[in-house]
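Biologist: Could you take me slowly through one part of this model, the place where a loop leads towards a group of aromatic rings, and then follow its surroundings outwards? I would like to see how each step is reasoned.

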Amino acid sequence: MKIGIDIDNTITHTTEMILHYARIFGEEQKLNTIPDLNYYYLEDVLGWDETTADLFLNTYLGTIYREMKPKEVAVETIKHLKQEHELILITSRNQNFQKVEQVTIDWLRQYDIPYDDLILNATPNMHHFSKLEVCLQHGVQLMIEDHHDLAAELSQAMPVILFDYPYNRHLSSDSIIRVSHWNEVLTWVNKLSP
């Protein structure tokens with residue numbers, strides 16, 4: 001089976017690392033640093049304007065991507081999945097951020113995460129792109145994701161294993177399977193495999 005896997009907040013603890021550096025940046029800039037985790041986008045999570053959020057991301061994103069850690073048993077589970085499945089990493093990380101592709105490849109290599117292909121966002125939208133088109137082009141049959149809008153779109157064409165977060169709890173679909181741990185991912189992939 002061809003499985004698509006998102007990176008941020010799916011393989012990694014991205015939000016925690018972003019909030020760590022947002023607290024440093026916010027205290028320096030005298031901004032709100034108390035997050036509302038019911039939201040996904042930084043502007044909504046912290047109530048920052050878009051210019052401030054962009055300045056923060058341009059300053060810290062490379063460091064965030066380098067320093068974050070994989071979720072518990074994510075690496076082991078992905079290695080196990082790779083033995084029987086083709087894995088395509090599909091991320092909203094945008095190639096327009098300087099060196100993001102190389103930082104991502106280096107991080108995956110550092111943690112020895114196997115994959116067959118890596119697809120980054122190449123659109124003008126710095127934070128989001130439609131993964132459905134990519135999945136259909138590459139014959140992906142199952143997507144592992146966290147983003148609510150992407151999961152809603154993807155679930156119209158394939159099953160989506162969705163990592164549970166406050167910002168995606170409003171989603172409900174017969175094609176969306178909620179998980180909180182990578183052990184559950186392995187169980188569901190085995191159930192969904194032909």
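**From an exposed loop to the aromatic rings**

Modeller: Lys-30 has a relative accessible area of 74%, and because anything over 50% counts as exposed, Lys-30 is exposed. Please keep in mind that this is a predicted model. Lys-30 lies in the loop between H1 and H2, and although it is not a glycine, its phi is positive, at about 60 degrees.

From that loop we can step back into helix H1, which covers residues 14-29 and contains Phe-25. With a relative accessible area of 4%, Phe-25 is buried, whereas Lys-30 is exposed. Trp-48, in the loop between helix H2 (42-46) and H3, is the partner of Phe-25 in a pair that links distant parts of the chain, with their positions 23 residues apart. Trp-48 also counts as buried, at 6% relative accessibility. A pair of aromatic rings is described by the distance of the centres and the angle of the planes. Here the ring centres of Phe-25 and Trp-48 are 5.5 Å apart and the planes meet at 50 degrees, so the pair is tilted. The reasoning rests on two cut-offs, because planes under 30 degrees apart would count as stacked and those over 60 as edge-to-face.

This pair belongs to a wider group, since Tyr-21, Phe-25, Trp-48, Phe-56 and Tyr-60 form one aromatic cluster, and the model has 11 aromatic pairs by the rule used here. Phe-56 is a good residue from which to look around: leaving aside neighbours within four places in sequence, Phe-56 is in contact with Ile-18, Tyr-21, Ala-22, Phe-25, Leu-42, Trp-48, Leu-61 and Ile-64.

Phe-56 also takes us to the largest nonpolar core, which has 48 residues and in which Ile-5, Ile-11, Phe-56 and Trp-182 are those with the most contacts. Helix H3, residues 50-67, gives the largest share of this core, namely 7 residues. Apart from this core lies another, of 17 residues, among them Ile-88, Ile-119, Leu-150 and Val-160. In soluble globular proteins, nonpolar side chains tend to be buried together.

From H3 we can move on to helix H5, residues 100-110, where Val-100, Val-103, Thr-104, Ile-105, Trp-107 and Leu-108 are buried. Their cover includes H3, strand S2 (86-94) and strand S3 (117-121). Just after H5 comes Asp-112, whose place is in the loop between H5 and S3. Asp-112, like Lys-30, is a residue with a positive phi that is not a glycine, and its own value is about 55 degrees. At 49% relative accessibility, Asp-112 counts as partly exposed, because a residue has to be over 50% to be called exposed.

Rings in this model also have charged groups over them. The charged end of Arg-93 sits over the ring of Tyr-65, at 3.6 Å from the ring centre, and the charged end of Lys-191 sits over the ring of Trp-188, at 4.5 Å from the ring centre. Leu-186 is found in helix H8, residues 182-192, and counts as partly exposed at 22% relative accessibility. Not counting residues up to four places away in sequence, Leu-186 touches Thr-77, His-80 and Leu-81.

The strands complete the walk. Strand S4, residues 142-145, is covered on both faces, with Leu-142 and Ile-144 buried on one side and Met-143 and Glu-145 buried on the other. S4 runs parallel to strand S1 (residues 2-5), to which 3 bridges join it, and Ile-3 stands opposite Leu-142 in S4. S4 also pairs with S5 in the parallel sense, over 3 bridges, and Glu-145 stands opposite Leu-162 in S5.

Which residues does Ser-155 contact, if neighbours within four places in sequence are left aside? They are Val-160, Ser-173, Ser-175 and Ile-176. Ser-155 itself is found in the loop between helix H7 (148-154) and strand S5 (160-163) and counts as buried at 9% relative accessibility, while its side chain reaches the backbone oxygen of Ala-152 at 2.9 Å.

Note on methods: Residues are numbered from 1 along each chain as its sequence is written. This is a predicted model: local features need pLDDT of at least 70, side-chain atom pairs count only at pLDDT 80 or more; totals for chains, interfaces and linings use all residues. Side-chain values use heavy atoms; hydrogens and water are left out. A nonpolar core is a set of buried Ala, Val, Leu, Ile, Met, Phe, Trp, Tyr and Cys residues joined through side-chain atoms within 4.5 Å. Buried means under 20% relative accessible area, exposed over 50%, partly exposed in between (1.4 Å probe, protein chains only). Helices (H or I, at least four residues) and strands (E, at least two) are DSSP runs, numbered from the N terminus. Contact means heavy atoms within 4.5 Å. Rings of Phe, Tyr and Trp (its six-membered ring) pair if their centres lie within 6.5 Å; planes under 30 degrees apart count as stacked, over 60 as edge-to-face and the rest as tilted. A charge sits over a ring if NZ of Lys or CZ of Arg is within 6 Å of the ring centre and within 35 degrees of the ring normal. A polar contact is a pair of N or O atoms within 3.5 Å; within protein, one must be able to donate a hydrogen and the other to accept it, and residues adjacent in sequence count only if both atoms are side-chain atoms. Two strands pair if DSSP finds at least two bridges between them.
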